[in-house]
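Hi,

Here is the structure I promised to pass on. Have a look at it first, and then read my notes below.

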Amino acid sequence: MKIDMTVNGRNVSGEVEGRTLLVEFLREGLGLTGTHVGCDTSQCGACVVHVDGAAVKACSIFAAECDGAQVATIEGQGNADGSLGAIQQAFQDYHGLQCGFCTPGMVMSAAALLKDNPKPSEAEVRDYLQGNLCRCTGYHNIVKAILAASGQEVAPVARVEA
Ligand code: FES
Ligand code: FES
């Protein structure tokens, strides 16, 4: 079947099967490989995107269900001039990524959280990230990055000068 949707502000269309997952359509149909697949049990959150403004695990929804939807992925989180968006920049500044595999999903979840709750507490950030797993176990700096992106005071990360 043919589906149409808006992805990162761009109108796209494609042929999918009824069983095609949104993450498959994004990655294989549109080449947007920033949305990752980290599990086959809908647990890891590496695939989080926004569908009509809500954070959704793209491995857990059919592409056909998103016909006509507004979808946002990590590729659309930068600024128009190509620089990093505020959340992305905070992840870099606060070392909120190690291997980086989970990072797109973390950033997309953070964006959804900050849209609804612009100044979350640390506990609220940690609670919201329950659906996002980082196997590097590096949650402290991820939480710091999200708090910093919300404009809150965060202790700086020690830097090692080269
Ligand atoms: S790929 Fe792991 S939750 Fe979607
Ligand atoms: S940075 Fe490695 S899994 Fe999160």
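**Helix α5 and its neighbours**

The buried residues of α5 pack against three helices: α2, α3 and α4 (122-128). Keep in mind that this is a predicted model. Of the 11 residues of α5, 9 are buried, so the rest of the structure largely encloses this helix. The buried ones are Asn 141, Ile 142, Val 143, Lys 144, Ala 145, Ile 146, Leu 147, Ala 148 and Ala 149. If you want to zoom in on one of them, try Ala 145: leaving aside residues up to four places away in sequence, Ala 145 touches Ala 90, Phe 91, Tyr 94 and Gly 96. Just after α5 comes Gly 151, with a positive phi of about 85°.

**Helix α2**

Two of those Ala 145 contacts lead straight to the next helix. Which residues of α2 (residues 86-93) are buried? They are Ile 87, Gln 88, Ala 90 and Phe 91. These residues span an arc of only 160° around the axis, which puts them on the same side of α2. That fits a general rule: an α-helix has 3.6 residues a turn, so residues three or four places apart point the same way. Among the elements covering the buried residues of α2 are α3 (103-116) and α5 (139-149). Just after α2, His 95 has a positive phi of about 55°.

**The sheet**

Now for the strands. There are 5 of them in an open sheet with mixed pairing, in the order β2-β1-β5-β3-β4. At the edges sit β2 (10-15) and β4 (54-57), each of which pairs on one side only. Neighbouring strands are turned by 40° against each other on average, with direction ignored.

Strand β1 (residues 2-7) runs antiparallel to β2, and 6 bridges join the two. If you want a landmark there, Asp 4 stands opposite Ser 13 in β2. Helix α3 packs on the sheet, where α3 touches β3 (48-51) and β4, and its direction makes about 40° with that of β3.

β3 and β4 are also an antiparallel pair, with 4 bridges. Here Val 51 stands opposite Ala 54 in β4. The hairpin of β3 and β4 has 2 residues between the strands, and Asp 52 takes a positive phi near 50° in it.

**Two domains and the core**

The domain assignment splits the chain into domain 1 (2-76) and domain 2 (86-149). Their C-alpha centres are 21 Å apart. The contact takes 15 residues from domain 1 and 11 residues from domain 2. Which elements give two or more residues to the side of domain 1 that touches domain 2? Those are β3 and β4, and β3 gives the most, with 3 residues.

The largest nonpolar core has 49 residues, and the members that touch the most others are Leu 22, Ala 58, Val 107, Ala 110, Ala 145, Ile 146 and Ala 149. At least three residues of this core come from each of domain 1 (2-76) and domain 2 (86-149). As a general point, nonpolar side chains tend to be buried together in soluble globular proteins.

If you just want one place to start, I'd go for Ala 145, which is buried in α5 and is one of the core residues that touch the most other members.

Cheers

Definitions and conventions: Residues numbered from 1 in each chain as written. Chains lettered and ligands numbered in written order. Predicted model: local features only at pLDDT ≥ 70, side-chain atom pairs only at ≥ 80, totals over all residues. Buried ≥ 20, exposed ≤ 12 C-beta atoms within 10 Å, placed from the backbone. Arc of directions from axis to C-beta. Contact = placed C-beta atoms within 7 Å. Pairing = 2+ DSSP bridges. Axes fitted to C-alpha atoms, helices over the stretch in contact; angles between N-to-C directions. Core = buried A, V, L, I, M, F, W, Y, C linked by C-beta atoms within 7 Å. Domains from an automatic or database assignment.
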